[in-house]
Amino acid sequence: MTALTGKRILLVIGGGIAAYKSLDLIRRLRERGASVRCILTNGAQQFITPLAASALTGQRSHTDLFDREDEADIGHIKLARDADLIVVAPATANLMAKMAGGHADDLASTVLLATTLPILIAPAMNVRMWLHPATQRNLKTLQAVGVHVVGPNEGAMAEAEFGPGRMAEPLEIAAAVERLLAPSGSLAGKHVIVTSGPTHEPIDPVRYIANRSSGKQGHAIAKAAAEAGARVTLISGPVTLPDPAGVTVVHVESARAMLEAVEQALPADIGIFAAAVADWRVDNAGEQKIKKKDGALPNLSLTENPDILATIARRTEGRPPLMVGFAAETENVIEHAKQKLARKGCDLIVANDVSTATGVMGGDSNTVHLVTASDVETWPTLSKTDVAKKLVARLGAMMGGGKP
Ligand code: C5P
């Protein structure tokens, strides 16, 4: 018995060079015990053949919406129902656009529109196509309706370019399938939202207010939660870190965009608010670059940003049952953390000393205190990865009724 024994996967193969990797994906899914059936788009058939897919799945592959034999045999509606999960790999820019727009002009898009099954997409395209606002908009639309995403990874592309757009590797996709269909670990079946990194608050189109947060701790927590079997949505401010594997990452810039993304990602079982959100933004940000004038200083007027943690923790509906905040302090760490716990309305504060001598900001290790309404616990200095793992294990125990 392996993780995916008895699970049925419908693999929709889109038309991109990464289609050759989908053949390997079939093998990886089958060796985990899943049965796989394939739909190939017209584009996919420029790269691989239905015969190759059938040879590897051991089942007939499907290509045509109006194929009389196919329709008599299984039919597109049955294809859209007879599986546990639909995987779209590679999910090309065009296929994502069709899914987001609700198009149904071939077998793949019709099945994707007709289905109520969970869907996992593995985007693969040229870096500029991936970063294009249209694709990013489509991605958000798909995530908002619950489509799961794995990758893309950063790396060398077929066109001798470099950047995000490479399809996740077959083993990463298979791991994402396992997380969806056979979750195991202390947070299996839980949805965890993590905020991470700084926010950038614009002064004008080229300048912004920021802080020194690297996002290392928040990203490590997102990764550890995914490894513990959770479905993780990481809402990240601008950082230079790669997206953690197996995590749905929503990139934002400002505090207000971060709050909106958190609200969109709800409901969740656990909210972990590790982002260093800017307290203020410029309320008279220039639409054009503010010009330097002799002797005259720009008159910037600041206004308070929404407190994301407090806003979510105080919701009467849809508050994640377990809410974790961070307190980065330079003095009276525990006292301030206790006050913050009450003020923000969260269940647990992870407090740390970020005075410059500690090197926490941007560094790789952290000394934290876990502060709840009834307890303070100080952990030894650990790497941020180990803090993340220990925290995730603790949250798993708390969800299961263990030690707070
Ligand atoms: O008030 P302070 O910034 O010290 O609070 C830190 C905690 O609150 C962190 O968990 C941080 O992610 C969260 N926070 C927030 N939105 C803000 C400010 C802080 O979610 N605008």
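A pocket is an open set of grid points, on a 1 Å grid over the protein atoms alone, with protein on both sides within 12 Å along at least five of seven lines. A molecule sits in a pocket if more than half of its atoms lie within 2 Å of its grid points. The model used in these exercises is predicted.

**Exercise 1.** State where the ligand sits and describe the shell around the ligand by residue, class and element.

Solution.
Step 1. The ligand sits in the largest pocket.
Step 2. The elements that give two or more residues to the shell around the ligand are α12 (308–313), β16 (322–329) and α13 (333–344).
Step 3. List the residues around the ligand: F273, A275, V277, P306, D307, I308, L309, G325, F326, K340 and K344.
Step 4. Sorted by class, this shell holds seven nonpolar, one polar and three charged residues.

**Exercise 2.** Find the polar backbone atoms that lie close to N or O atoms of the ligand, and say how much of the ligand the protein buries.

Solution.
Step 1. Take F273: a polar atom of the F273 backbone is 2.5 Å from an oxygen atom of the ligand.
Step 2. Take I308: a nitrogen atom of the ligand lies 2.9 Å from a backbone N or O atom of I308.
Step 3. Take F326: between a polar backbone atom of F326 and an oxygen atom of the ligand the distance is 2.7 Å.
Step 4. Turn to area: the ligand taken alone exposes 440 Å², and the protein buries 86% of that.

**Exercise 3.** Decide whether S109 is buried, partly exposed or exposed, and do likewise for D106 and H132.

Solution.
Step 1. Place S109: this residue is in helix α6 (residues 107–114).
Step 2. The relative accessible area of S109 is 3%, under the 20% cut-off, so S109 is buried.
Step 3. A polar atom of the S109 side chain lies 3.1 Å from the backbone nitrogen of D105.
Step 4. Place D106: this residue is in the loop between α5 (93–101) and α6.
Step 5. D106 has a relative accessible area of 19%, which is under 20%, so D106 is buried.
Step 6. Its side chain makes a polar contact with the side chain of K98, at 3.4 Å.
Step 7. Place H132: this residue is in the loop between α7 (127–131) and α8 (133–144).
Step 8. H132 has a relative accessible area of 44%, in between the cut-offs of 20% and 50%, so H132 is partly exposed.
Step 9. H132 and A93 are 39 residues apart along the chain, and their C-alpha atoms are separated by 9.7 Å.

Terms used: Residues numbered from 1 in each chain as written. Predicted model: local features only at pLDDT ≥ 70, side-chain atom pairs only at ≥ 80, totals over all residues. Heavy atoms only, no water. Near = heavy atom within 4 Å. Polar contact = N/O pair within 3.5 Å; in protein donor to acceptor, adjacent residues only side chain to side chain. Areas by Shrake-Rupley, 256 points an atom, 1.4 Å probe, with all protein chains shown as cover. 1 Å grid on protein atoms, 1.4 Å probe; cavity = no way out; pocket = protein on both sides within 12 Å on 5 of 7 lines; lining within 4 Å. Helix = DSSP H or I, 4+ residues; strand = E, 2+ residues; numbered from the N terminus. Nonpolar A, V, L, I, M, F, W, Y, C, P; charged D, E, K, R; others polar. Buried < 20%, exposed > 50% of the residue type's maximum accessible area, 1.4 Å probe, protein only.
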